Amino acid sequence: MTFRKCIYAALLLIWCTAASAAETGTIKVSDLRVRTGPGTEYRISASLPMGAKVNILSRQEGWLEIEHNDIRGFILQRDDFITIAHDRDDIARQPSRPLKNAPQNAETIKGKLRQAESELAATRRKEREVLEQFNAADQALSHTRRQVRTAKTGLTEVQEKIEEVNERSSALEKDILEGEKYAAKRLVALYKANWVGKIHLLATADSFFDFVSRKETLERILAQDETFLEELNRNKTALESLLTQLNTRKAEKRALELKLRERAAKLDAQQQKRKKLLKTIRGKKSLELAALKALREAALELDAAIVRIEPATPPIDAAVGSKRQNKPFKAHKGLLSWPVKGKIISFFGPHQNKKFAVTNFQSGINIQAERGEPIRSVSDGHVIFANWFKGFGNMMILDHGDHYYTVYAHLEEVFKVKGDRVDQGEVIATVGDSGSMKGPALHFEVRHHGKPIDPLKWIHKG
């Protein structure tokens with residue numbers, strides 16, 4: 001039966017019941033308060049004694065509109081306050097008569113049906129809009145967090161380069177200062193030597209050998225001084241270049257600091273928006289139920305996605321010489337390492353939501369952990385998916401061969417891209433809350449031929 005038919009049947013039943021069956025009640029307590037309206041905010045107009053018989057005129061959200069003698073008002077609809085019974089004898093005594101206004105009443109019911117359907121459709125649209133807004137805010141928040149991390153990394157690198165340039169320029173300044181002092185001493189020495197005179201210095205030689213020796217020594221000294229002065233000039237030129245680099249790096253640092261402040265402000269605004277949307281969803285039953293339904297739909301979409309991306313043939317293992325295991329994945333059942341340190345907050349299999357009495361199937365386990373906690377691959381494999389997935393946030397899927405896969409979701413940072421090889425124990429991501437309404441945690445799955453299997457049967461219990 002369609003939703004439209006269900007509502008139509010319910011409204012018709014209510015109308016027929018109201019038209020043909022009178023209801024009465026017997027008061028079971030003494031001094032039962034009667035109010036002027038259906039709510040405790042309305043004033044008390046009278047009270048009824050125990051055993052009083054009342055006619056029930058209507059029902060309104062847990063309240064009964066009653067009539068007793070000249071008293072008319074509203075009382076709480078509770079089994080320990082009143083016993084309700086249909087007056088079947090009166091109905092039996094009434095002669096049967098045709099429903100004169102049936103066509104008009106049918107049109108009225110149809111009108112109410114159309115209004116109910118319209119209101120329901122509008123409510124569902126609003127619910128979808130809120131959940132779409134949450135998903136968009138969550139995705140934007142993840143993107144901005146990535147931008148902030150990139151800006152911080154860039155700022156750190158620039159600061160390191162500034163420190164490196166400072167060290168090099170300081171060392172050059174020291175060398176230049178010492179060189180200038182040495183050059184000054186050499187100038188004084190040369191001045192004194194010229195005062196004596198080069199010819200006189202050579203003419204005082206005792207022999208021709210002494211003359212040649214003095215000449216060669218003087219030439220070497222002058223050549224060494226010339227080389228030293230050239231090196232001094234090169235150092236000065238290099239220092240000027242370093243100072244230019246330093247100014248460029250400082251300007252780059254100021255630009256990155258400004259960008260980081262802007263992104264941090266944007267991040268804060270997005271976090272507040274996400275927090276507000278999450279509070280709205282958690283504060284309204286219909287939205288929470290819609291969110292649970294969206295999670296079921298996301299799980300089905302993940303099933304379909306894995307079937308689509310599953311390779312027809314296993315990839316050739318090109319990771320020769322790495323730390324890769326020799327045994328197939330299935331040989332490690334019960335021996336896999338934990339993907340992250342934390343506490344399991346939901347288990348594989350049917351999951352009962354006690355608040356709404358709704359059962360969802362959990363295709364993996366959720367491990368609660370600190371944001372930023374490193375996530376490690378449980379086995380060797382290669383990445384076949386590393387991107388955003390609605391309902392799961394940042395997600396990575398690893399192929400371990402023989403149609404075995406592991407799924408890692410709600411990630412903060414993702415360190416691998418599609419096609420990358422990974423080794424057992426290698427850090428592939430960090431814990432986050434992307435796509436999650438329960439805070440930072442890792443959603444972890446093990447699948448075979450796309451079908452989820454209990455991860456705890458594969459992970460080492462130690």
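Trainee: Which residue forms a salt bridge with Lys390?

Mentor: Happy to start there, keeping in mind that this is a predicted model. Lys390 sits in the loop between β13 (381–389) and β14, and its partner lies in helix α3, 258 residues apart. The closest N and O atoms are 2.5 Å apart, and the partner is Glu132.

Trainee: Is Glu132 buried or partly exposed?

Mentor: Buried would mean under 20% relative accessible area, and exposed over 50%. Glu132 has 39% relative accessibility, so this residue counts as partly exposed.

Trainee: And Asp433, which residue does this one form a salt bridge with?

Mentor: Look across the chain again: Asp433 is in the loop between β17 and β18, and the partner is in helix α3, 288 residues apart. Asp433 is buried at 7% relative accessible area. The closest N and O atoms are 3.1 Å apart, and the partner is Arg145.

Trainee: What is the relative accessible area of Arg447?

Mentor: Arg447 belongs to strand β18 and pairs with Asp303 of helix α6 (residues 285–309). The N to O distance in this salt bridge is 2.7 Å. Asp303 is partly exposed at 27%, whereas Arg447 is buried, with a relative accessible area of 0%.

Trainee: Which residues have the most contacts inside the largest nonpolar core?

Mentor: That core has 25 residues. Strands β11 (365–368), β14 (393–399), β15 (404–414), β17 (427–431) and β18 (441–448) each supply at least two of them. Those with the most contacts are Ile375, Tyr408, Ile428 and Phe444.

Notes
Residues numbered from 1 in each chain as written. Predicted model: local features only at pLDDT ≥ 70, side-chain atom pairs only at ≥ 80, totals over all residues. Heavy atoms only, no water. Core = buried A, V, L, I, M, F, W, Y, C linked by side-chain atoms within 4.5 Å. Buried < 20%, exposed > 50% of the residue type's maximum accessible area, 1.4 Å probe, protein only. Helix = DSSP H or I, 4+ residues; strand = E, 2+ residues; numbered from the N terminus. Salt bridge = Lys/Arg side-chain N within 4 Å of Asp/Glu carboxyl O.
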